[in-house]
Amino acid sequence: MSVRVLIVDDQALFREALATLLEVQPGIEVVGEAADGEQAVRLCAELRPDVALMDLRMPVLDGIAATRRLRAEQPGVRVLALTTFDDDEDVFAALRAGAVGYLLKDVSSTRLVEALVAAKRGESVLQPSVAAKVVARVAQLPEEPRTRPQPLVTPLSERELEVVRLLADGHSNREIAKALFLAEGTVKNLVTSVLSKLQVRDRTQAALRARELGLF
């Protein structure tokens, strides 16, 4: 089943170029375009896309405010931030607003398609530089003994530890497979096992949980 995508960006040329790029990708269907956050919210209600590919800095209603509204009004629509900026303020504001991922506009088409497919499943997708910011922010949080995580019931294997470390750096399954000389299907199974053992729902939570447990 294809991923239905709404492109949200205030630059018409960029929207058109991105739509042209995505429409030729197998499994991707561009269902519409929006020039600002207000239009994006309205079109999401009408078109019901799986993923809104959201720029952050736009007129009328910016991407962060639009993401917040979509989480409240259209919770079935996943928001994937796609922007030029990766400063801390934008990154954490977008994630707090409900974005499931954060990518920069220099991302490759292959990685973007992978991110859209993952976003439809509700998985978190972060640019490596953004993943590093998230992990660093967690490392700065004060420890609270009352909520200190308990050791895992089933420890991660050495191979799963390798996977979670690469995952925390923002690498896709394909990139992890290449780095570890494994089949992509094997990596997918390892990621599923990691999520299960860490008792988390997505890759970002897995990275944070692993960091809390001192696994890297």
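Here is a short tour of this predicted model, one selection at a time.

**Stop 1: the whole chain.** Show the protein chain as a cartoon and you'll have 10 helices and six strands to look at. Now switch on the surface: the chain exposes about 11100 Å², and carbon and sulfur atoms supply 52% of that area. What about the inside? Of the 216 residues in the chain, 48% are buried. If you turn on contacts and keep those with a separation of 6 or more, 65% of them come from residues 24 or more positions apart.

**Stop 2: helix H7.** Next, select residues 158-168, which make up helix H7. Which residues are buried here? Colour Glu160, Leu161, Val163, Val164, Leu166, Leu167 and Ala168, since these are buried in H7. Then step just past the helix to Gly170, which follows H7 and has a positive phi, near 90°.

**Stop 3: Asp50.** Now jump back along the chain and pick Asp50. You'll find Asp50 in the loop between helix H2 (37-47) and strand E3 (51-54). Is Asp50 buried or exposed? Asp50 counts as buried because its relative accessible area is 18%, and the cut-off for buried is under 20%.

**Stop 4: around Asp50.** Keep Asp50 selected and bring up its surroundings. Leaving out residues up to four places away in sequence, Asp50 touches Ser2, Val3, Arg4, Gly76, Val77, Arg78 and Lys120. Zoom in on Arg4, one of those residues: its backbone nitrogen sits 2.7 Å from a polar atom of the Asp50 side chain. Try drawing that distance in your viewer before you move on.

Methods: Residues numbered from 1 in each chain as written. Predicted model: local features only at pLDDT ≥ 70, side-chain atom pairs only at ≥ 80, totals over all residues. Heavy atoms only, no water. Helix = DSSP H or I, 4+ residues; strand = E, 2+ residues; numbered from the N terminus. Buried < 20%, exposed > 50% of the residue type's maximum accessible area, 1.4 Å probe, protein only. Polar contact = N/O pair within 3.5 Å; in protein donor to acceptor, adjacent residues only side chain to side chain. Contact = heavy atoms within 4.5 Å. Areas by Shrake-Rupley, 256 points an atom, 1.4 Å probe, with all protein chains shown as cover.
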